[in-house]
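Reader: I am new to this structure and would like a careful look at one part of it. Please take me through the salt bridges, and then add what can be said about a pocket.

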Amino acid sequence: MLTCARLTANAALGSCRNGNGAISGEVIAINFDDWQNATITEANGVISSIVLADQAVAYRLTSKDRAFEASYSMNRGTYSNSLIHQVILRAFDNTQENKAAINALIQGRFVFIVKRVDVSNPGTVYEVYGRQNGLTASASEGNSTDGDGVLNTTTMASDDNARESEIP
């Protein structure tokens with residue numbers, strides 16, 4: 001049997017402190033084509049530098065605290081397992097600029113860099129979702145009667161045929 005992954009070190013999967021899995025109300029979105037052309041410096045799974053090609057831009061999306069969510073889940077496959085990365089973005093302001101951004105999100109493929117609220121481990125404060133294949137819109141909805149004032153919720157997720165092989 002082919003073994004594609006092996007543990008190579010001891011790991012303490014718990015500690016005496018309570019962790020916080022939340023992300024901040026700010027994410028960085030990068031068009032997937034621009035991400036693929038970027039120069040990325042990485043050591044031991046930690047990215048220390050991302051340099052986009054000329055004319056490429058990363059976009060900062062901001063909202064209220066707890067308005068954004070990031071998650072991943074494993075898909076058990078017949079021959080190998082894969083991961084579905086997901087980022088949920090909630091908009092509260094009904095501006096034309098926000099509508100244009102949402103329209104772009106639901107038609108494009110993006111990589112998202114999120115910032116964890118728990119900053120106790122500097123190597124994992126920032127996480128990259130959709131690094132290998134990008135994320136596309138899997139849902140987008142607006143409801144005029146939302147009690148929290150959410151005007152739009154857009155879910156960006158891995159495609160069924162373009163999943164990720166590692167957690168963010």
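Reader: To begin with a single residue, how does Arg 163 count by its relative accessibility: buried, partly exposed or exposed?

Author: The model is a predicted one, and in it Arg 163 counts as partly exposed, because its relative accessibility is 22% and the partly exposed class lies between under 20%, which is buried, and over 50%, which is exposed. Arg 163 has a partner in Asp 160, with which it forms a salt bridge whose closest N and O atoms are 3.4 Å apart. Asp 160 itself counts as exposed, because its relative accessibility is 64%. In general, side chains of opposite charge can pair when their charged atoms come close.

The structure holds six salt bridges, and two others can be described in the same manner. One of them joins Glu 26 to Arg 60, with 3.6 Å between the closest N and O atoms. Since Glu 26 belongs to strand β1, residues 23-31, and Arg 60 to strand β4, residues 58-62, this pair ties together parts that are 34 residues apart in sequence. Glu 26 has a relative accessibility of 34% and therefore counts as partly exposed, while Arg 60, at 58%, counts as exposed.

The other is formed by Arg 116 and Glu 127, where the closest N and O atoms are 2.8 Å apart. Here too the pair links distant parts of the chain, for Arg 116 is in strand β7, residues 109-116, and Glu 127 is in strand β8, the two being 11 residues apart. Both Arg 116 and Glu 127 are buried.

Strand β8, which holds Glu 127, also leads to the pocket, since β8 (126-129) and β3 (46-51) each supply at least two residues of the lining of the second largest pocket. That pocket has a volume of about 700 Å³, and it is lined by 25 residues, of which Gly 45, Val 46, Ile 47, Tyr 126 and Val 128 are the closest to its centre. The strand that gives the most to this lining is β3, with five residues. Sorted by class, the lining of the second largest pocket is made up of 12 nonpolar, eight polar and five charged residues.

Technical notes
Residues are numbered from 1 along each chain as its sequence is written. This is a predicted model: local features need pLDDT of at least 70, side-chain atom pairs count only at pLDDT 80 or more; totals for chains, interfaces and linings use all residues. Side-chain values use heavy atoms; hydrogens and water are left out. On a 1 Å grid over the protein atoms alone, a cavity is a set of points where a 1.4 Å probe fits but cannot get out, and a pocket is an open set with protein on both sides within 12 Å along at least five of seven lines; lining residues have an atom within 4 Å of a point. Grid points are joined across faces, edges and corners, and a volume is the space filled by probe spheres set on the points. Helices (H or I, at least four residues) and strands (E, at least two) are DSSP runs, numbered from the N terminus. Ala, Val, Leu, Ile, Met, Phe, Trp, Tyr, Cys and Pro count as nonpolar, Asp, Glu, Lys and Arg as charged, and the others, Gly among them, as polar. A salt bridge is a side-chain nitrogen of Lys or Arg within 4 Å of a carboxyl oxygen of Asp or Glu. Buried means under 20% relative accessible area, exposed over 50%, partly exposed in between (1.4 Å probe, protein chains only).
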